[in-house]
Amino acid sequence: MIQIPGLVAFVAAATAAVFTTSATATAQRTFVASYGNDANPCSRAAPCRSFGAAIAQTDDAGELIVLDSAGYGKVTISKSVTVTAPAGVYAGISVFSGDDGVTVDASLGIVKLRGLFINGQGGNAGVKFVQGIELRIERCEITGMGAYGISATSIGSTTLLVQDTAVADNLGTGIYVNGTVQTFLSNVTVVGNTGNGLEFAAGVNFSVRNSVVDHNHNDGISIYGLVNNPVRMTIDNSRIFGNDELGIDMPLTSIQGASLVISDSEIVRNNMSTFFGTGGVFMNATAGLVGTTLIRTTVNGNGAFGIVADSSHNYIILDNSIVTENGDIGLVVANGGLGYTRGNNVLHHNGTSEESGSIVPLAPH
Amino acid sequence: MKAANRIRLPLLTLVCVIVVTASDAEATAQRTFVASNGMDLGPCSLAQPCRTFGAAIAQTNDRGEVIVLDSAGYGGVSIAKSVTIAAPGGVYAGISVFAGDGITIDAPGAVVLLRGLTINGLGGDYGVRFVQGAELRIESCNVSGMFVAAVDAHLDGGAMLSVRDSSMSANSQGAWLHGAGHASFDRVRFNGNSNKAILIEGMLDVASANIEVDGSEAGIGVTAGAVDTSVTVSRSRFAATCGGGLSIGGGATVISAMVTDTEFTQNGCSAGGVLVSSSGPAAARASLTRSTFSGSTDRTVGTAGASAVAYLDNLVFTGNPSVGFSISAAGGPIYTRLNNTVQGTSISANVLPYSAR
């Protein structure tokens, strides 16, 4: 009677031993290293050489750890997994023509990517989020991609988080999100992409904090689509600066309404070539009510108009903000749009006039 | 004997292939490596890293990467293509600059990223000198002890400089910017530079957030150039400078500065917080919002020259003893929203109210 638990334990240990030596076994933690070999089990003692081999050997909800600096190749992820290159380790993926760097295609997956350098050598997307519950990109550097730094087109209830990451100098859009992908950016640098810096298509709910969207060659942020769902968008403590076209171009229509709240941020010196009539923020919805509220935010020195609500389906609320030195009119409300000010805003040295259209005081409560 | 020969042949062939590849001077790779135990005669591969940045750059593809494998000095380098040089956090990659430049970037259209480098001047003039190119990004770098400037950037034709998470200390100038281009600074510390933290000469636009300047001769200096200049400063601190936090010297072209959510403290011996001056016909303007000025021993906000003006909105002035006026509209008017808190700070004439909207 006493010996039976011991026997059970022995049998369990033997079973475990069989599993770990089996070629199809996976582990809760796998490893890659510059000296690894993909014929190995991707264990700490016998690491693999590529992300692709290690992912295949990793448990669902397990971890893949990079042991030392090297390139580890493109990879497709179809399960929950965390890929971590600790600080001090360079883990690179060079993305060649016709390829994407990391493809996340995991219908029930929660995927985290930490500390990767993804560099385009003719490839399409640095990170391509096809489907999944959540994708979290932390401490990554995504550069030189041919089409997108990050592309997220997952459908259903999906979350994209990008933190402490640079998406720069891609030959296309920095971060492209389409559909019902709840998007959170924190401390993200979106610089020098040849397309739009951030592109939110089809009514994406997003929050951008502590980030910079500088000197992209189309719009800083492009927000568009014709949707039924309410759209909630915030930008806080961020800078949208020196983009070749508009700071924020928002031809978004939502039947159930949409609001963009911009706080403690700067929208400065966009569209200096005045390719369009607006430099800072532009809205022209065709239905519903879509509005932008600016709080403690600076709209300065943009190439044409500062802020424009160009339809009866748009409104602007200006509170404690600064609209100065824009090339044409500072605050424009046209074609039946609504403009509200708290009476505490600074407008001066806008090119043609400080404001135009129907702008009414908004009393505090 | 015959059996033994058969075994040797494949091995011999393999060795030959490796030797041929390694000695091919023309080939470049999308990613090269340097290491403390590297050799510059090698291909700069992961298995055979090089010893210096100079050798590795030559073996790297356009738009490729040079990766530092372990802590060491890797020498100055001249860059004439688009490339990334990166030392991951935890690895020290040093460049000692005995003369001239640490890193020179000189190629039309080049896009360069420098990440994780420590550049130390030992008689050298410039830490990083951007002679020409499309874009330079500097991340997580420390540049100190340079005789002329930590970073000297000629940003002509709309070229761009982006610096973040870096420090420039104990140089003459911190960042010295020239030409009709763009620059941005985020989370950059400037400590104890003997001249300006950032000197801007005729730039299109410069934006900085979360920068910290202390102990330098002055914070940001702006002089009028061939094109109008825009300077945006937010969420930053200027402390213990002699020449003030922000000094604008206008003349031929318009200079405008926006300052928000910034702290100016313990500045002064020639200027305290923000000094706007213009010697010529073009306007020089500073709009100051939600910022604090404390403990300055010279003008906290001053104008000099008829076309120099300043706007005060939601500011706090406290304990700013000054020879003459602390808020000093000696040039053009200083406009106030009448929503500022002023204590221990003297105010000159020509400070006029303006209306909010």
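Biologist: What is the relative accessibility of Asp165(B), and how is that value read?

Modeller: Asp165(B) has a relative accessibility of 32%, so the residue counts as partly exposed. The class applies because the value falls between the cut-offs of 20% for buried and 50% for exposed. Bear in mind that this is a predicted model.

Biologist: Which side chain does Asp165(B) meet in a salt bridge?

Modeller: The general idea first: side chains of opposite charge can pair when their charged atoms come close. In this structure, Asp165(B) pairs with Arg187(B), at 2.5 Å from N to O. The two residues are 22 apart and link distant parts of the chain, with Asp165(B) in strand E14 (residues 160-169) of chain B and Arg187(B) in strand E16 (residues 182-191) of chain B. Arg187(B) has a relative accessible area of 28%, so this partner is partly exposed.

Biologist: Which residues are linked with Asp165(B) and Arg187(B) in a network of salt bridges?

Modeller: The network also holds Glu141(A) and Asp169(A), together with Arg115(B), Glu135(B), Arg137(B), Glu139(B) and Arg164(B). Members thus come from chain A and from chain B.

Biologist: How many salt bridges does the structure hold over all chains?

Modeller: The count over all chains is 33.

Biologist: What salt bridge does Glu212(B) form?

Modeller: The side chain of Glu212(B) meets that of Arg237(B), at 3.6 Å from N to O. Glu212(B) belongs to strand E19 (residues 212-214) of chain B and Arg237(B) to strand E22 (residues 237-239) of chain B, so the salt bridge ties together parts 25 residues apart in sequence. Glu212(B) is partly exposed at 25% relative accessibility, and Arg237(B) is partly exposed at 29%.

Biologist: Where is Asp214(B), and how far apart are the closest N and O atoms in its salt bridge with Arg237(B)?

Modeller: Arg237(B) forms a salt bridge with Asp214(B), and the closest N and O atoms are 3.6 Å apart. Asp214(B) sits in strand E19 of chain B, 23 residues from Arg237(B) in strand E22 of chain B. At 22% relative accessibility, Asp214(B) counts as partly exposed.

Biologist: Leaving charge aside, which residues form a nonpolar patch on the surface?

Modeller: A residue enters such a patch when its relative accessible area is over 30%, and nonpolar side chains are joined within 5 Å. Here the patch is made of Leu108(A), Ile110(A) and Ile133(A), which together have about 280 Å² of accessible area. Ile110(A) lies in strand E8 (residues 110-114) of chain A. Its relative accessible area is 36%, so Ile110(A) is partly exposed.

Definitions and conventions: Residues numbered from 1 in each chain as written. Chains lettered and ligands numbered in written order. Predicted model: local features only at pLDDT ≥ 70, side-chain atom pairs only at ≥ 80, totals over all residues. Heavy atoms only, no water. Patch = residues over 30% accessible without salt bridge, like charges linked within 9 Å, V, L, I, M, F, W, Y side chains within 5 Å. Areas by Shrake-Rupley, 256 points an atom, 1.4 Å probe, with all protein chains shown as cover. Salt bridge = Lys/Arg side-chain N within 4 Å of Asp/Glu carboxyl O. Helix = DSSP H or I, 4+ residues; strand = E, 2+ residues; numbered from the N terminus. Buried < 20%, exposed > 50% of the residue type's maximum accessible area, 1.4 Å probe, protein only.
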